[in-house]
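Got the viewer open? Here's a walk through one protein chain, stop by stop, with a note on what to select next.

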Amino acid sequence: MNAQNNNRMEKIISLCRRRGFIFQSSEIYGGLNACYDYGPLGSELKRNIKDFWWRWMVRRRSDIVGLDAAILMAPRVWEASGHVAGFTDPLVDCKVCKHRFRADMITEPGKCPDCGGALTDVRQFNLMFKTFMGPVEDSASVVYLRPETAQGIYVNYQNVLDSTRLKIPFGIGQIGKAFRNEITTENFIFRTREFEQMEMQYFVKPGSDMQWFDYWKNDRQDYYQALGIRPAKLRFHEHDKKELAHYAAAAFDIEYEFPFGWKELEGIHNRTDFDLKRHQEYSGRDLSYFDEESRERYVPYIVEASAGVDRTLLCILADAYEEQQLEKDTRTVLHFHPTIAPYKVGIFPLVKKDGMPEKARMIEASLRSHFNVFYDESGAVGRRYRRQDEIGTPYCITVDTETLQNDTVTVRDRDSMAQERIKIDALLNYLYDKINI
Ligand code: ATP
């Protein structure tokens, strides 16, 4: 990462801390490495991202339904999925400084990137967190914290089919926590050991899988643009034969150009019939599907779109952050898409007298049941605008002298800083049109 981009990341991290987006976990105890807590603004932003995904992937379609599976699953699930035997990263230690690295991330083989010392031989390290179910800590009670949400979908595929009237092709979407005991964590919330995934698994007839794979590739690109991410910062990375997971027939990553380089945001995979066949074999249950249209029985293929909530949030912060050099000072702005902004509207009385606070409070009360709004009457109005710019509030309403005469307010746009006079009774529709929830 060059110095300018490093500086940009540091500024984003510092803003997150200062304004209550993201805190270090257990900070008063010195913090827990690479674990983070989402504060008042971060939890709103995160919730809005998940809601946006859920609306896009589940609610807007009749062929996709939701699921919320348990984090703990029968250990056999992870044998069937291949995680017990193969969910490993290659690990090396430096014999001199004792630092630990992922062998596939070392640029000069055998040499420690931190001190130049010699490295140990490569060992395979399983990334699943293990714990015990019940009071006895023996091998029969081992359970794992799920390393991905996908398996919860596969093992419920039959339940969903039996309890709905869905027919293939159809999908199941899920948002939830996943855990990976990553050897190295990096770049703030980009790679952590506890994170959240938003996954959709689409079950299709064999032979139509590549068509659906292309469909989802395009759809997911549209999604990021609808989320307000700059298209020039997004690209596809196609996996070549070497990168392709053993079960996948095709895979694309959607990458974003973070300040620390192009990195994966989401993976789109054609997983073939690998997963359902393995669960069929390990569970002894018949997971085939009878297609009434073609009168054939088959095990469906699966196309998945798997995104990280935390990575999306970091991408949104990095994409939205801007420092604008104005005549007298610098304005820090987060250009969030209004749909995901933590607060939609700031409401200010110009001064704390002449009935302006009361009028502003009335407006606050009338909007609060529709949007997350923020009332602020302290300090100069210019400073109040800046405080909202810095946390990405797209609109600010000010009650001024004219309001008391003709029931109009100014609405200031965060990005253009332009102000418009709007009748108070037209405010709700005006904001709905702009915010587009
Ligand atoms: P990477 O190559 O970065 O380790 P991956 O290819 O192992 O990621 P997948 O297994 O495809 O990732 O997981 C799907 C998505 O889950 C990723 O695109 C990413 O957004 C998110 N994700 C995976 N691992 C982590 C992690 N350790 N921290 C945060 N998000 C993660």
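Start by selecting serine 208 and lysine 205: a polar atom of the serine 208 side chain sits 2.7 Å from the backbone oxygen of lysine 205. Serine 208 belongs to the loop between S10 and H7. Is serine 208 buried or exposed? Its relative accessibility is 16%, so serine 208 counts as buried. Keep in mind on every stop that this is a predicted model.

Now zoom out and show the whole chain as a cartoon. You should find 13 helices and 23 strands in the protein chain. The C-alpha atoms fill a box of roughly 75 × 65 × 50 Å along the principal axes. Of the 437 residues, 51% are buried. If you colour by contact, note that residues 24 or more positions apart make up 64% of the contacts with a separation of 6 or more. Switch on the surface and you're looking at about 21300 Å² of exposed area, with 48% of it from carbon and sulfur atoms. Colour by charge next: there are 60 positive and 65 negative side chains, and the centres of the two sets lie 3 Å apart.

Back inside, for the largest nonpolar core. Which residues have the most contacts inside this core? They are Phe21, Ile22, Tyr224, Leu317 and Phe336, in a core of 59 residues. Among the elements that each supply at least two residues of this core are helix H1 (3-18), H2, strand S10 (194-204) and helix H7 (209-226). Strands S12 (250-258), S13 (261-270) and S16 (301-308) do likewise, as does helix H9 (309-320).

Pick phenylalanine 21 and expand the selection to its contacts. Leaving aside residues up to four places away in sequence, phenylalanine 21 touches Leu15, Cys16, Asp37, Tyr38, Gly39, Leu41, Gly42, Leu45, Leu334, Phe336, Pro342 and Ile391.

Next, slide along helix H2 (residues 40-59) until you reach asparagine 48. What does the asparagine 48 side chain reach? The backbone oxygen of alanine 341, at 3.1 Å. Show the neighbours too: beyond four places in sequence, asparagine 48 touches Thr339, Ile340, Ala341, Pro342 and Lys344. With a relative accessibility of 13%, below the 20% cut-off, asparagine 48 counts as buried.

Helix H11 (residues 381-390) comes next. Select Arg384, Tyr385, Gln388, Asp389 and Glu390, which are buried. An α-helix has 3.6 residues a turn, so residues three or four places apart point the same way. Step past the end of H11 and you come to glycine 392, with a positive phi near 85°.

Time for some backbone oddities. Go to the loop between helix H6 (157-163) and strand S9 (170-179), where proline 169 is found. The peptide bond leading into proline 169 from isoleucine 168 is cis, with omega near 5°.

Carry on to the loop between S9 and S10 and select asparagine 187. Asparagine 187 isn't a glycine, yet its phi is positive, at about 50°.

For the last stop, jump to methionine 417 in the loop between strand S22 (408-413) and strand S23 (419-423). Methionine 417 is another non-glycine residue with a positive phi, near 65°. As for its surroundings, methionine 417 counts as partly exposed, because its relative accessibility is 31%.

Definitions and conventions
Residues are numbered from 1 along each chain as its sequence is written. This is a predicted model: local features need pLDDT of at least 70, side-chain atom pairs count only at pLDDT 80 or more; totals for chains, interfaces and linings use all residues. Side-chain values use heavy atoms; hydrogens and water are left out. Helices (H or I, at least four residues) and strands (E, at least two) are DSSP runs, numbered from the N terminus. Buried means under 20% relative accessible area, exposed over 50%, partly exposed in between (1.4 Å probe, protein chains only). Contact means heavy atoms within 4.5 Å. Accessible areas come from the Shrake-Rupley method with a 1.4 Å probe; for residues, only the protein chains shown count as cover. Lys and Arg count as positive and Asp and Glu as negative; His and the chain ends are not counted. The place of a charge is taken as NZ of Lys, CZ of Arg, CG of Asp or CD of Glu. A polar contact is a pair of N or O atoms within 3.5 Å; within protein, one must be able to donate a hydrogen and the other to accept it, and residues adjacent in sequence count only if both atoms are side-chain atoms. A nonpolar core is a set of buried Ala, Val, Leu, Ile, Met, Phe, Trp, Tyr and Cys residues joined through side-chain atoms within 4.5 Å.
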